[in-house]
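Q: Please take a close look at the cysteines of this model and the surroundings in which they sit. I would like one connected account that then moves outward to the neighbouring residues and the pairing of the chains.

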Number of protein chains: 2
Amino acid sequence: MHGSGRFTPETAAQVRAAIDRLGFRPNVLARQLVQQRSTTVGVVVGALDNPIYAELVMQFELEAAKHGFHAMFCNTQGDENAELAGLGSYLDYRSAGVLFVSHPPGWIKARQMIEGRIPAVFVTCDSDWGDVVRCDDETGGRIAAEHLIGLGHRRLAYFGDTVDDASNRDRRHGFEHVVRTAGLTPTVVTWNRYRAFDRDRQAQEAIADGITAIFTTDDYGAIELLEAADRLHVDVPADLSIVGFDDVIMSGLGRIGLTTVRQPKRLLAETALVTLIERIKRGPDSPPIRQTVPVELVIRASTAPPKHLTQTQFRLS
Amino acid sequence: MHGSGRFTPETAAQVRAAIDRLGFRPNVLARQLVQQRSTTVGVVVGALDNPIYAELVMQFELEAAKHGFHAMFCNTQGDENAELAGLGSYLDYRSAGVLFVSHPPGWIKARQMIEGRIPAVFVTCDSDWGDVVRCDDETGGRIAAEHLIGLGHRRLAYFGDTVDDASNRDRRHGFEHVVRTAGLTPTVVTWNRYRAFDRDRQAQEAIADGITAIFTTDDYGAIELLEAADRLHVDVPADLSIVGFDDVIMSGLGRIGLTTVRQPKRLLAETALVTLIERIKRGPDSPPIRQTVPVELVIRASTAPPKHLTQTQFRLS
DNA sequence: GTGAAAGCGCTAACAC
DNA sequence: GTGTTAGCGCTTTCAC
């Protein structure tokens with residue numbers, strides 16, 4: 001039935017009819033057992049209710065299906081044990097690969113479990129053992145800074161996540177580099193996304209300190225900041241410009257209107273799958289593959305020249 | 001190793017050590033092949049980038065993991081063939097169950113494929129053959145109407161999706177019932193979520209028609225409507241009150257502030273999994289299980305008394 | 001080119 | 001109780 005062999009057309013037709021009639025479906029478990037390879041790919045994600053992950057994970061599945069793979073997934077919720085349990089089950093299923101969407105909370109043990117057994121590709125985050133597909137985070141930070149400085153801002157801040165992984169670090173470095181090159185000194189603040197009170201205080205301090213523009217490490221943080229600004233009656237963008245990173249769908253809503261650095265989600269997913277397939281082909285011993293995809297600045301309503309500039313212009317006119 | 005049998009403690013320790021050393025993991029495929037049952041559950045979802053689905057699907061996986069199941073998923077994107085392909089692979093994997101998160105686009109063929117083979121539970125939508133777990137849509141529509149009428153609105157509209165499935169229908173019925181009982185006549189408009197231009201026109205017509213309050217069949221639509229209102233410079237809630245349905249995380253943002261009927265996502269997922277397990281236990285021939293979970297009105301900034309009322313109050317004072 | 005047979009890794013049933 | 005064996009549903013190899 002599977003390609004080879006030749007039968008009389010009527011036999012083939014009969015068989016096909018029987019298949020349809022009985023609804024026969026080959027048992028994937030049996031096939032994969034004997035073939036010693038599976039079409040399952042495991043996706044490990046922090047939490048699907050974070051829009052950027054949901055968008056990425058959706059693209060993964062779409063791409064996986066396109067290549068004949070079947071997607072499994074688990075939400076780690078930032079919990080190491082949940083992650084290891086998920087990875088364990090991918091091991092048990094003899095998955096063809098695992099896709100990490102965010103920096104694994106239990107990365108040491110995760111490595112012990114997976115390395116050399118299942119091809120792993122890290123998307124949107126870094127790794128010193130698996131393959132990695134990332135966007136050009138450094139450039140992202142740079143264009144954010146260039147945009148803000150171009151608008152006339154002189155007092156700039158970077159608001160970063162408590163987990164300072166390679167992606168966040170590169171975004172910050174790109175940003176800091178441009179700011180320093182312009183002869184300015186960026187303020188760097190780390191804020192805990194789980195503590196609303198602290199966030200408000202930190203936002204307020206930055207503003208009291210004369211900061212007029214903030215680059216955050218992701219849209220999630222940027223939107224939190226927007227909320228904090230609203231609560232503090234700080235006008236965005238008149239009193240404060242904000243640039244995010246990711247470009248989640250939400251950021252494009254009129255009411256949010258976040259200027260941000262767009263990650264090409266579809267392309268990230270395509271590249272991730274192609275990388276995975278390449279890795280399967282090359283085997284575990286060939287050197288790690290590292291891919292970078294470009295980013296793009298999307299200008300919306302959350303950025304504008306700082307107020308003192310607009311006032312000056314007003315006085316001049 | 002699996003519970004029964006007794007060995008000397010040292011043998012057990014040796015074996016365990018060997019397992020750890022070699023990283024042995026039982027092959028799930030082999031086990032499930034011989035046991036004739038699997039721990040895979042398939043989730044079929046429209047598109048994960050719709051927040052309500054992402055939130056639900058995340059809860060499914062969390063619940064599934066809690067019960068020892070492993071989640072696979074596929075995005076149908078509203079495409080019948082994509083859905084059938086996904087269902088096919090769940091069949092091939094001999095999945096323990098399939099969870100439908102939205103009304104299946106290819107429901108006739110879907111039924112033919114799945115019914116009698118894999119337990120199916122429909123969450124947030126209806127079905128005349130599988131088990132269903134839904135929230136109390138009718139009551140949801142009612143409390144939305146009661147809230148708006150209680151605020152003093154007299155000209156009310158329901159904005160429904162083009163797919164008028166059982167959930168949408170019940171929400172509308174509940175809404176209409178209360179409105180009519182109050183001696184009023186609701187306007188019903190069906191809008192196509194894929195055509196922004198039409199939506200703006202329809203929103204404008206409703207407002208021109210004197211509508212002061214709209215209940216939409218989901219938050220997605222409500223937020224679209226909010227956007228349309230902003231574009232048309234219609235003030236929400238002063239000129240127009242809006243009530244959604246779902247309570248996605250986004251709706252709780254200060255800038256969105258959508259009054260909405262909350263679906264208890266976690267509870268829906270818990271109930272769905274319990275129902276699935278019950279179905280597996282009972283076998284395919286026992287009658288369908290239907291479960292309902294309660295909803296709750298969440299009042300935010302998108303609803304207020306209609307302007308003529310506020311003006312009257314102003315004149316009176 | 002076609003059919004029979006071996007075996008993938010595991011579990012369950014059955015003698016010992 | 002413990003060891004052995006059959007067999008889950010496929011694919012692949014190897015005679016014919």
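A: B:C135 counts as buried, because its relative accessibility is 3%. In this predicted model, B:C135 takes part in no disulfide, and the nearest cysteine sulfur, that of B:C125, is 11 Å away. B:C74 likewise has B:C125 as the closest cysteine partner, but the two sulfurs are 14 Å apart, which is too far for a bond. B:C74 also counts as buried, at 5% relative accessibility. A search of the whole structure accordingly returns zero disulfides over all chains.

The surroundings can be followed in chain A through a residue that touches the cysteine at position 135. A:Q263 is in contact with A:C135, and also with A:T124, A:R171, A:F245, A:D246 and A:L268, when residues up to four places away in sequence are not counted. A:Q263 belongs to the loop that joins β10 (259-262) to α10 (265-282) of chain A. Although it lies in a loop, A:Q263 counts as buried, with 1% relative accessibility. The C-alpha atoms of A:Q263 and A:L56 are separated by 9.9 Å, while their positions lie 207 residues apart along the chain.

One of the contacts of A:Q263 is A:F245, and this residue leads to an aromatic cluster. A:F245 forms one cluster with A:Y158, A:F175 and A:F215. Within this group, A:Y158 and A:F175 make a tilted pair, with 6.5 Å from centre to centre and 45° between the planes. The pair links distant parts of the chain, since A:Y158 is in strand β6 (residues 156-161) and A:F175 is in helix α7 (residues 166-181) of chain A, 17 residues apart. Both partners are buried: A:Y158 has a relative accessible area of 2%, and A:F175 has one of 0%.

In chain B, the phenylalanine at position 245 has a charged neighbour. B:R171 lies over the face of B:F245, at 3.7 Å from the ring centre. A further arrangement of this kind involves B:R199, whose charged end sits over the ring of B:W191 at 5.8 Å from its centre.

Aromatic pairs are found elsewhere as well, and the count over all chains comes to 15. Among them is the pair of A:F122 and A:W129, which is edge-to-face because the planes stand at 80°, with the ring centres 5.3 Å apart. A:F122 and A:W129 are both buried.

These details belong to a chain with many buried positions. Of the 317 residues in chain A, buried residues make up 55%. The secondary structure of chain A consists of eleven helices and twelve strands, and its C-alpha trace spans about 90 × 40 × 35 Å along the principal axes. Among the contacts in chain A with a separation of 6 or more, 72% are between residues 24 or more positions apart.

A second long-range connection, this time in chain B, also reaches across to the partner chain. B:E55 lies in helix α3 (residues 51-66) of chain B. B:E55 touches A:D49 in the other chain, together with B:D247, B:V248, B:I249 and B:K265 in its own, again leaving aside residues up to four places away in sequence. The C-alpha atoms of B:E55 and B:V248 are 7.7 Å apart, although 193 residues separate them along the chain. With a relative accessible area of 8%, B:E55 is buried.

The contact with A:D49 leads to the interface as a whole. Chain A contributes 47 residues to the contact, and chain B contributes 47 residues. The area buried between the chains is about 4500 Å², and carbon and sulfur atoms give 60% of it. On the side of chain A, the residues that lose the most area to chain B are A:L29, A:Y93 and A:R255, which together account for 19% of what that side buries.

The arrangement of the two chains completes the picture. Chain A is superposed on chain B by a rotation of 180° with 0.0 Å of shift along the axis, at an RMSD of 0.1 Å. The two copies are therefore related as by a two-fold rotation axis. In chain A, the C-alpha nearest this axis is that of A:M72, at 2.0 Å from it. The same surface serves both copies, as 100% of the contact residues of chain A recur in chain B.

Key:
Residues are numbered from 1 along each chain as its sequence is written. Chains are lettered from A and ligands numbered from 1 in the order in which they are written. This is a predicted model: local features need pLDDT of at least 70, side-chain atom pairs count only at pLDDT 80 or more; totals for chains, interfaces and linings use all residues. Side-chain values use heavy atoms; hydrogens and water are left out. Copies are superposed by least squares on the C-alpha atoms of residues with pLDDT of at least 70 in both. Contact means heavy atoms within 4.5 Å. A disulfide is a pair of cysteine sulfur atoms within 2.5 Å. Buried means under 20% relative accessible area, exposed over 50%, partly exposed in between (1.4 Å probe, protein chains only). Rings of Phe, Tyr and Trp (its six-membered ring) pair if their centres lie within 6.5 Å; planes under 30 degrees apart count as stacked, over 60 as edge-to-face and the rest as tilted. Helices (H or I, at least four residues) and strands (E, at least two) are DSSP runs, numbered from the N terminus. A charge sits over a ring if NZ of Lys or CZ of Arg is within 6 Å of the ring centre and within 35 degrees of the ring normal. Buried area is the accessible area (1.4 Å probe) that two parts lose on being put together, summed over both.
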